[in-house]
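Grab a coffee and work through these exercises with the model open beside you. Try each task before you read its solution.

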Amino acid sequence: MSRIGKKPVLIPEGVEIKIEKASFSVKGKLGQLDQDFDNKAVSINKEEDRVIVKPLSESKDVRSKYGLYRSLLNNMVIGVSGGFSKTLKIIGVGYRASLKGSDLEVLAGYSNPVPFKKPEGITFEVPDNTTIIVKGIDKQLVGETSSNIRSIRPPEPYKGKGIRYSDEMVRRKVGKAAASAQA
């Protein structure tokens with residue numbers, strides 16, 4: 001049994017959950033999210049202030065979906081009530097980001113600036129020219145967008161230049177000069 005799946009999803013005030021035959025939708029102050037689920041594998045029941053996910057059998061496939069749907073539902077509840085955000089830092093001389101309308105423009109050591117279109121449901125904030133904050137209600141979309149921005153110029157291990165998450169630690173390598181000095 002899934003340890004995560006056993007926990008009930010608590011419904012905060014101002015969040016409305018509608019469960020249909022093979023889908024559920026969560027509506028809150030920040031927006032609405034919809035998700036389909038396998039109603040042959042799990043049953044989702046709403047009680048007073050919580051939602052309980054139960055498996056319908058003990059097969060391996062059902063056990064894997066049991067925790068998945070509980071996590072998806074919990075992330076949707078958190079997203080519509082508080083939202084998700086990821087912070088990216090840009091490190092390097094001349095590397096910076098700016099907003100062009102609602103889209104992002106990143107200068108990351110290439111000959112031309114790299115434009116990055118804003119996906120639907122995502123907002124960008126650039127408090128200073130070396131920090132990017134990606135916000136949204138869908139946890140998967142916020143993470144994917146942040147990853148795509150990071151892939152413009154991932155941090156390199158010698159000088160640490162590039163775009164990284166604010167809490168990411170980059171393992172630094174010793175360069176050629178130090179290696180030849182030992183020989």
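**Exercise 1. Find what Val 26 touches, then place Val 26 in its core.**

Keep in mind that you're looking at a predicted model.

Step 1. Skip residues up to four places away in sequence, and Val 26 still touches Val 15, Glu 16, Ile 17, Gly 31, Gln 32, Leu 33, Leu 73, Met 76, Val 77 and Val 80.

Step 2. Now zoom out to the largest nonpolar core, which has 21 residues. Val 26 is among those with the most contacts inside this core, along with Val 15, Ile 17, Val 42, Ile 44, Val 51 and Leu 73.

Step 3. Ask which elements give two or more residues to this core: they are β3, β5 (42–46), β6 (50–55) and α2 (60–81). Helix α2 brings the largest share, seven residues.

Step 4. Another core, of 17 residues, lies apart from this one. Tyr 95, Val 106, Phe 124 and Val 134 are among its residues.

**Exercise 2. Describe the largest pocket and sort the residues of its lining.**

Step 1. Start with the volume, which is about 150 Å³.

Step 2. Next, see which strands turn up in the lining. β2 (16–19), β3 (23–28) and β4 (31–36) each supply at least two residues.

Step 3. Pick out the lining residues, including Glu 16, Lys 18, Phe 24, Lys 27, Gln 32 and Asp 36.

Step 4. Sort the lining by type, and you get two nonpolar, four polar and six charged residues.

**Exercise 3. Go through some of the salt bridges and check how exposed their partners are.**

Step 1. The structure holds seven salt bridges, and we'll take a few of them.

Step 2. Glu 47 pairs with Arg 50, with the closest N and O atoms 3.3 Å apart. Glu 47 has a relative accessible area of 39%, so it counts as partly exposed. Arg 50 is also partly exposed, at 31%.

Step 3. Glu 105 and Lys 100 meet at 3.9 Å, N to O. Here Glu 105 is partly exposed at 23%, whereas Lys 100 counts as exposed at 51%; the cut-off for exposed is over 50%.

Step 4. For Arg 150 and Glu 168, the N to O distance is 2.7 Å. Arg 150 sits in helix α3 (residues 139–150) and Glu 168 in the loop between β13 (162–165) and α4 (176–182), so this salt bridge ties together parts 18 residues apart in sequence. Arg 150 is partly exposed, with a relative accessible area of 22%.

Step 5. Finish with a network: salt bridges link Asp 38, Asp 61 and Lys 65.

Terms used: Residues are numbered from 1 along each chain as its sequence is written. This is a predicted model: local features need pLDDT of at least 70, side-chain atom pairs count only at pLDDT 80 or more; totals for chains, interfaces and linings use all residues. Side-chain values use heavy atoms; hydrogens and water are left out. On a 1 Å grid over the protein atoms alone, a cavity is a set of points where a 1.4 Å probe fits but cannot get out, and a pocket is an open set with protein on both sides within 12 Å along at least five of seven lines; lining residues have an atom within 4 Å of a point. Grid points are joined across faces, edges and corners, and a volume is the space filled by probe spheres set on the points. Helices (H or I, at least four residues) and strands (E, at least two) are DSSP runs, numbered from the N terminus. Ala, Val, Leu, Ile, Met, Phe, Trp, Tyr, Cys and Pro count as nonpolar, Asp, Glu, Lys and Arg as charged, and the others, Gly among them, as polar. A salt bridge is a side-chain nitrogen of Lys or Arg within 4 Å of a carboxyl oxygen of Asp or Glu. Buried means under 20% relative accessible area, exposed over 50%, partly exposed in between (1.4 Å probe, protein chains only). A nonpolar core is a set of buried Ala, Val, Leu, Ile, Met, Phe, Trp, Tyr and Cys residues joined through side-chain atoms within 4.5 Å. Contact means heavy atoms within 4.5 Å.
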